[in-house]
Amino acid sequence: MHQLESKSKADDAKPSQALILITGATGYVGGRLLDVLEQGGRRVRCAARHPENLRARVLDATEVVEADVLDLDSLRAAMEGVETAFYLIHSMGSSSDFEEKDRQGAENFGAAARDAGVRRIIYLGGLGDSSDDLSSHLRSRHEVGDVLRESQVQVIEFRASVIIGSGSLSFEMIRALVERLPLMITPKWVSALAQPIAIGDVLTYLQSALDLQIEGNQIFEIGGPDKVSYRDLMKEYGDQRGLHRLMIGVPILTPRLSSLWLGLVTPLYARVGRKLIESIQFSTIIKDDSALRIFPIRPLGYRQAIGAAMRNEDRDFARTSWSDALSSGGEAKSWGGVRFGNRLVDSRTAEVSVGQEAAFRPIRRIGGAEGWYYGTFLWKLRGFIDLLVGGVGVRRGRRHPDKIVVGDAIDFWRVEAYEPNRRLLLAAEMKLPGRAWLEFEVTSEGQGSMIRQTAMFDPVGIGGLLYWYGIYPLHQAVFAGMLRKVARAAESHTDV
């Protein structure tokens with residue numbers, strides 16, 4: 001490792017227009033880094049094996065090219081004119097030869113970068129003491145850094161501990177375990193210490209490395225200020241979600257058995273779960289604090305990181321267009337009971353022969369005296385039950401029969417987002433074992449329009465899951481009937 005300059009600094013001027021290459025832009029970290037760089041006005045090129053999966057998600061100014069790190073020729077083309085290249089890929093989900101693939105990919109990437117005159121490679125690896133008997137996954141991550149440095153291109157490597165953020169592998173495992181298991185039999189690996197770092201802090205480090213003035217290669221160990229275990233992380237997540245969980249430690253669960261168990265109760269499939277557990281059973285503690293000395297970044301503590309992940313999930317979820325996600329999947333236009341992160345989603349569509357304004361009119365008038373178009377008795381019964389348990393019921397009605405503004409109450413819903421003739425998002429205020437939303441979207445479709453209705457539920461614990469699946473058949477009938485009546489009202493220009 002080369003010696004750091006006594007003082008390094010980032011360029012305070014306007015962001016450079018030099019071209020930046022991102023690999024792994026369809027992944028968790030790479031996708032978020034892409035957003036950050038685009039918002040900062042950087043020139044970005046993304047290399048992806050399947051560029052068609054990425055083009056719809058980038059700004060017009062961002063280039064998307066087809067390239068595979070296992071195909072040297074494709075990398076040479078992708079590297080043309082690049083000043084800085086991010087290496088944010090690894091083969092965790094691959095079969096037993098993943099170490100060889102990681103090694104070959106790094107060799108190709110380094111060679112292509114060197115031949116193209118790339119100034120710097122920025123690589124995100126995993127934290128772990130090389131003197132320990134590391135897992136094959138962590139050992140491979142370290143080896144990738146070594147291989148990249150052999151290319152003679154300057155390499156800035158970040159070694160991160162557990163990354164906390166909605167959608168990250170570790171966080172989703174924690175979330176699923178705590179949400180679904182009131183009683184957990186925990187193996188030894190939940191007691192290994194780590195220094196979790198928020199995804200926002202990881203992105204700040206990666207972005208700051210673009211303009212860092214430093215000579216030679218450098219490895220930075222990054223993590224938050226707290227040394228905690230997965231047990232601590234699960235307890236904190238439960239506390240912030242209002243869930244009390246009992247954890248009983250046992251010494252007998254091997255990584256293989258643990259991975260099979262995780263495959264049953266979490267989104268992880270067994271192969272990825274085993275590699276993750278093999279890695280997290282080793283302590284990932286920072287031994288070199290040079291990152292704190294060189295970068296003006298003070299990472300969040302683990303409590304704040306978990307809180308930020310939960311808040312940002314709401315923001316990201318609100319920005320997500322279920323219409324885009326569903327249409328990209330093929331011909332199917334309705335999904336039922338599908339889980340996204342912690343949310344359960346039921347979505348369906350109806351095509352009408354009228355324009356957007358006419359299609360949206362019955363949606364604009366929903367609730368209050370107009371009612372909910374279908375199952376009126378059931379809606380009133382739900383409101384009465386809500387009153388009995390201390391909720392608001394349906395007695396509030398609505399402020400105006402035909403006009404909506406964000407913040408309006410509509411029976412036991414609250415308007416969370418409203419775009420005239422396009423979108424209405426309602427957040428439930430009835431008593432529930434979780435949080436719920438009901439969304440209507442109208443888009444142009446040829447000579448007519450498409451109406452999409454989506455019900456979303458964020459369950460709290462087992463009670464929330466039992467509630468969703470227990471009334472799911474009823475929801476199917478009520479929401480399907482509601483959409484039919486809304487479409488019929490739009491077609492006939494009537495309100496009943």
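Which loop does Asn-421 lie in? You'll find the answer in the last view.

**View 1. The whole chain, a predicted model with 16 helices and 20 strands.** Helices (H or I, at least four residues) and strands (E, at least two) are DSSP runs, numbered from the N terminus. Residues are numbered from 1 along each chain as its sequence is written, and side-chain values use heavy atoms, with hydrogens and water left out. Since this is a predicted model, local features need pLDDT of at least 70 and side-chain atom pairs count only at pLDDT 80 or more, while totals for chains, interfaces and linings use all residues. Of the 496 residues here, 53% count as buried. Buried means under 20% relative accessible area, exposed means over 50%, and partly exposed is in between (1.4 Å probe, protein chains only).

**View 2. Two stretches with pLDDT below 50.** pLDDT is the predictor's confidence in each residue, from 0 to 100. The chain averages 81, and 80% of the residues score at least 70. Over residues 1-14, though, the pLDDT is below 50, and this stretch has 24 contacts in the model beyond near neighbours in sequence. A contact means heavy atoms within 4.5 Å. Residues 318-340 also stay under 50, with 46 contacts beyond four places in sequence. Where pLDDT is low, the predicted coordinates should not be read in detail.

**View 3. The second largest pocket, with a volume of about 440 Å³.** On a 1 Å grid over the protein atoms alone, a pocket is an open set of points with protein on both sides within 12 Å along at least five of seven lines; a cavity is a set where a 1.4 Å probe fits but cannot get out; lining residues have an atom within 4 Å of a point. Grid points are joined across faces, edges and corners, and a volume is the space filled by probe spheres set on the points. The pocket has 21 lining residues, and Trp-379, Arg-382, Tyr-467, Ile-471 and His-475 lie nearest its centre. Helix α14 gives the most to the lining, with five residues. Sorted by class, the lining has 19 nonpolar, one polar and one charged residues. Here Ala, Val, Leu, Ile, Met, Phe, Trp, Tyr, Cys and Pro count as nonpolar, Asp, Glu, Lys and Arg as charged, and the others, Gly among them, as polar.

**View 4. The second largest cavity, at about 40 Å³.** The structure holds two cavities of 30 Å³ or more. Among the residues lining the second largest one are Tyr-205, Glu-221, Asp-288 and Leu-292. The elements giving two or more residues to this lining are β11 (218-222) and α10 (290-294).

**View 5. Thr-62 and its neighbours.** Look for Thr-62 in the loop between β2 (43-48) and β3 (63-66). At 10% relative accessibility, Thr-62 counts as buried. Its side chain makes a polar contact with the side chain of Glu-38 (2.6 Å). That term means a pair of N or O atoms within 3.5 Å; within protein, one must be able to donate a hydrogen and the other to accept it, and residues adjacent in sequence count only if both atoms are side-chain atoms.

**View 6. Asn-421 in its loop.** Here's the answer: Asn-421 lies between β17 (413-419) and β18 (423-428). Its phi is near 65°, a positive value in a residue other than glycine. At 25% relative accessibility, Asn-421 counts as partly exposed.
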